[in-house]
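Welcome! Please take a moment to look over the sequence and the 3D view before reading on.

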Amino acid sequence: MASSLMRASRRSLMPLFSSPFRSACGRNLSTEAAATSNSSDRVKWDYRGQRRIIPLGQWLPKIAVDAYVAPNVVLAGQVTVCDGASVWNGSVLRGDLNKITVGFCSNVQERCVVHAAWTSPTGLPAETVIERYVTVGAGTLLRSSNIEPECIIGQRSILMEGSLVETNSILEAGTVVPPGRRIPSGELWAGNPARFVRKLTNEEILEIPKLATAINDLMQSHFSEFLPYSTVYLEVEKLKKALNIPL
């Protein structure tokens, strides 16, 4: 009786271990193993390829303690981000040929590209300098240009080698400043190439540093998510409170 039951059970289990099933299982297991190995390699490669701070020779980017640099920003070479400044998501500051400085309480918004050439057509230093209380709109390209304090550079603007934006000036969105062009103080310019539009009013001039300060205040909420000691302690406190554990 026992032997007949064993033979019947073997016959019922045989289809499960037939060659098509074994080959399918083998393919699935090998595919999963390959996918696992490939995914781990890909993660490691992405980690190596995306670095926020890129030293070049003796040059190492410098970031002030209270400056905010988004996690997916790339700073390479001779880059200095001063106190209270912020560099937002997707921007690239490439100081491989010359220095780049982002001044006090200035902001470089999303997807900006800041670069510096070897030399400037004006004969002045070819480094890129963004001085204090400057707002650089999203998608802007700066190359070996000098922006004096309290200016607004509109979104998607382009400032080429040797260009100078004097203090208390505003560029409209999409403005293209040719090489060596000077934007005088207290004026509004726009167009491609940049052309004078009108003088700024006193109220507009007073609003320029207020905008930079407002973005600095907004930066604080983003900055708190990337504290050196992380924000995990907040979740621990929530869990203790939920479980009635003394904090």
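The report below goes from the whole chain to its strands, its cores, its surface and a few special spots in the backbone.

**The whole chain**

Keep in mind that this is a predicted model. The protein chain holds 4 helices and 20 strands. Of its 247 residues, 35% are buried. The accessible surface of the chain is about 14,600 Å², and carbon and sulfur atoms account for 60% of that area. Among the contacts with a separation of 6 or more, 24% link residues that are 24 or more positions apart.

**An open sheet of eight strands**

In which order do the 8 strands of the open sheet follow one another? The order is 3-5-7-10-13-16-19-20, and the pairing is mixed. At the edges are strand 3 (68–69) and strand 20 (195–199), each of which pairs on one side only. As background, strands of a sheet pair through backbone hydrogen bonds, either parallel or antiparallel.

One pair in this sheet is easy to find. Strand 5 (residues 86–87) runs parallel to strand 7 (residues 107–108), with 2 bridges between them. S86 is a good residue to start from, as S86 sits in strand 5 and has N107 of strand 7 as its bridge partner. Is S86 buried or exposed? With 1% relative accessibility, S86 counts as buried. Leaving aside residues up to four places away in sequence, S86 touches Y68, S106, N107, V108, I215 and M219.

**Strand 4 and its partners**

Next, turn to strand 4 (residues 74–81). Why is strand 4 described as largely enclosed by the rest of the structure? The reason is that 7 of its 8 residues are buried.

Strand 4 runs parallel to strand 1, to strand 2 and to strand 6. The table sets out these pairings, with one bridge from each.

| Partner of strand 4 | Bridges | A bridged pair |
|---|---|---|
| Strand 1 (residues 53–54) | 2 bridges | I53 with L75 of strand 4 |
| Strand 2 (residues 62–63) | 2 bridges | I63 with V81 of strand 4 |
| Strand 6 (residues 92–102) | 7 bridges | V74 with V92 of strand 6 |

**Two nonpolar cores**

Strand 4 also has a part in the interior. The largest nonpolar core has 35 residues, and those that touch the most other members are V81, L93, I130, I147, L159, V165 and L171. Two or more residues of this core come from each of strand 3, strand 4, strand 6 and helix 3 (202–223).

A second core is separate and has 6 residues, including I170, L188, L200 and I205.

To get a feel for the packing, choose L93 in the 3D view. Which residues does L93 touch, not counting residues up to four places away in sequence? They are V74, L75, A76, V79, V87, I100, V102 and V114. V74, in this list, is also the residue whose bridge partner in strand 6 is V92.

**A nonpolar patch on the surface**

Some nonpolar residues are found on the outside as well. L239, L243 and I245 make up a nonpolar patch on the surface, and together they have about 290 Å² of accessible area. L239 belongs to helix 4 (residues 232–242). L239 counts as exposed because its relative accessibility is 52%, and the cut-off for exposed is over 50%.

**Special spots in the backbone**

Three places in the backbone are worth a visit. The peptide bond leading from N192 to P193 is cis, with omega near 0°. P193 is in the loop between strand 19 (187–190) and strand 20.

The other two places are asparagines with a positive phi. N168 has a phi of about 60° although it is not a glycine, and N244 likewise has a positive phi, near 60°. Where does N168 lie? N168 is in the loop between strand 15 (164–165) and strand 16 (170–171), while N244 lies in the segment after helix 4. Their surroundings can be compared too: N168 is buried, with a relative accessible area of 18%, whereas N244 is exposed, with a relative accessible area of 70%.

How values were computed: Residues numbered from 1 in each chain as written. Predicted model: local features only at pLDDT ≥ 70, side-chain atom pairs only at ≥ 80, totals over all residues. Heavy atoms only, no water. Pairing = 2+ DSSP bridges. Buried < 20%, exposed > 50% of the residue type's maximum accessible area, 1.4 Å probe, protein only. Core = buried A, V, L, I, M, F, W, Y, C linked by side-chain atoms within 4.5 Å. Contact = heavy atoms within 4.5 Å. Patch = residues over 30% accessible without salt bridge, like charges linked within 9 Å, V, L, I, M, F, W, Y side chains within 5 Å. Areas by Shrake-Rupley, 256 points an atom, 1.4 Å probe, with all protein chains shown as cover. Salt bridge = Lys/Arg side-chain N within 4 Å of Asp/Glu carboxyl O.
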